[in-house]
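Let's take a walk through a protein and look at its aromatic rings. Have the structure open and follow along.

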Amino acid sequence: MAKKKDLSQLTFCIPIRVDSDYRLNNLHSVLTFYSHRIQANYIVLEADNMQHIKSLPKIDGLRYEFVRDNNSIFHRTHYINMMLRKTETPLAAIWDADAIAPVRQLQQAYSLVLDKGLTMAYPYDGRFWNVNLFHSTMFNHAPRIRILENNNMPRILMSGYNSVGGAFIVNVEAYRRCGWENEHFAGWGPEDVERYHRLEILGERPSRVDGGLFHLYHTRGVNSGDYDKDLAKSTKREYSHVCSMKPDELRTYINTWEWTK
């Protein structure tokens, strides 16, 4: 194994609700893949009505927290903000438990934020590839990037060529001034697109690096779609509300968000 890349100014923030064995296996794969290749810190926060994570790989700089939450809707934005408050490094990687970016792309995004002074950077170019069960299982057994970059793997995009979800790196303090995660979004919804446009309106348009991001297979439940129609309407109203604002209006609105205080 080659020497680990030094990304010690970075903390991975991984919120999770373990709704299937696939999700748990993916979390282990993500942690194993990166911890063997880079030096960084990790926070895993599980929120559910019972604890499903019984053990995690032994990794220096890994912290695990369980929060009892009886709500069937996973308030992901709220838990990401909890982790951002606990982050002790200047940079954080907000990371899905099922997302894999090649290390070279992660390094490039890290450098854009740390060295170039950007608020946010994505470790991919907008192509978020959905990995089928067969290749995801292969990766779970042996987390090597060549399995996912293999040209023989079927290629299906999650959200066209301009995805803004899955994984991104932020300067924690600069992102706080931009509102952190918008907790008016609960459950599945347009929070990824809102985040991008919010920073764009504030003059902090996120940057990208070349290459794709990979989404490991898992089954889908209530937190993977518009199953709650009232919640879906609420989140879409919030998205439209934010995106309709001018910079000064948006800054005034963000100042009302208690979670950034």
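Over the ring of which residue, 4.7 Å from its centre, does the charged end of Arg 208 sit? That ring belongs to Tyr 122. Before going on, keep in mind that you're looking at a predicted model. The charged end of Arg 208 also sits over the ring of Tyr 124, this time 5.4 Å from the ring's centre.

Now for ring-to-ring contacts. Rings count as a pair if their centres lie within 6.5 Å, and by that rule there are 15 aromatic pairs here. Take Phe 33 and Phe 139: their ring centres are 5.7 Å apart and their planes meet at 50°. Planes under 30 degrees apart would be stacked and over 60 edge-to-face, so this pair is tilted.

Where do these two rings come from? Phe 33 is in helix 1 (residues 21-35), while Phe 139 is in helix 4 (residues 133-141). The pair therefore ties together parts that are 106 residues apart in sequence. Buried means under 20% relative accessible area, so Phe 33, at 1%, counts as buried, and so does Phe 139, at 0%.

Back to the two tyrosines under Arg 208: Tyr 122 and Tyr 124 pair up with each other too, 6.0 Å from centre to centre. With 85° between the planes, their pair is edge-to-face. Tyr 122 is buried, at 0% relative accessibility, and Tyr 124 is buried at 0% as well.

Finally, zoom out from Phe 33 and Phe 139. Ring pairs link them with Phe 12, Tyr 34, Tyr 42 and Trp 95 into a cluster.

Definitions and conventions:
Residues numbered from 1 in each chain as written. Predicted model: local features only at pLDDT ≥ 70, side-chain atom pairs only at ≥ 80, totals over all residues. Heavy atoms only, no water. Helix = DSSP H or I, 4+ residues; strand = E, 2+ residues; numbered from the N terminus. Buried < 20%, exposed > 50% of the residue type's maximum accessible area, 1.4 Å probe, protein only. Lys NZ or Arg CZ within 6 Å of the ring centre and 35° of its normal.
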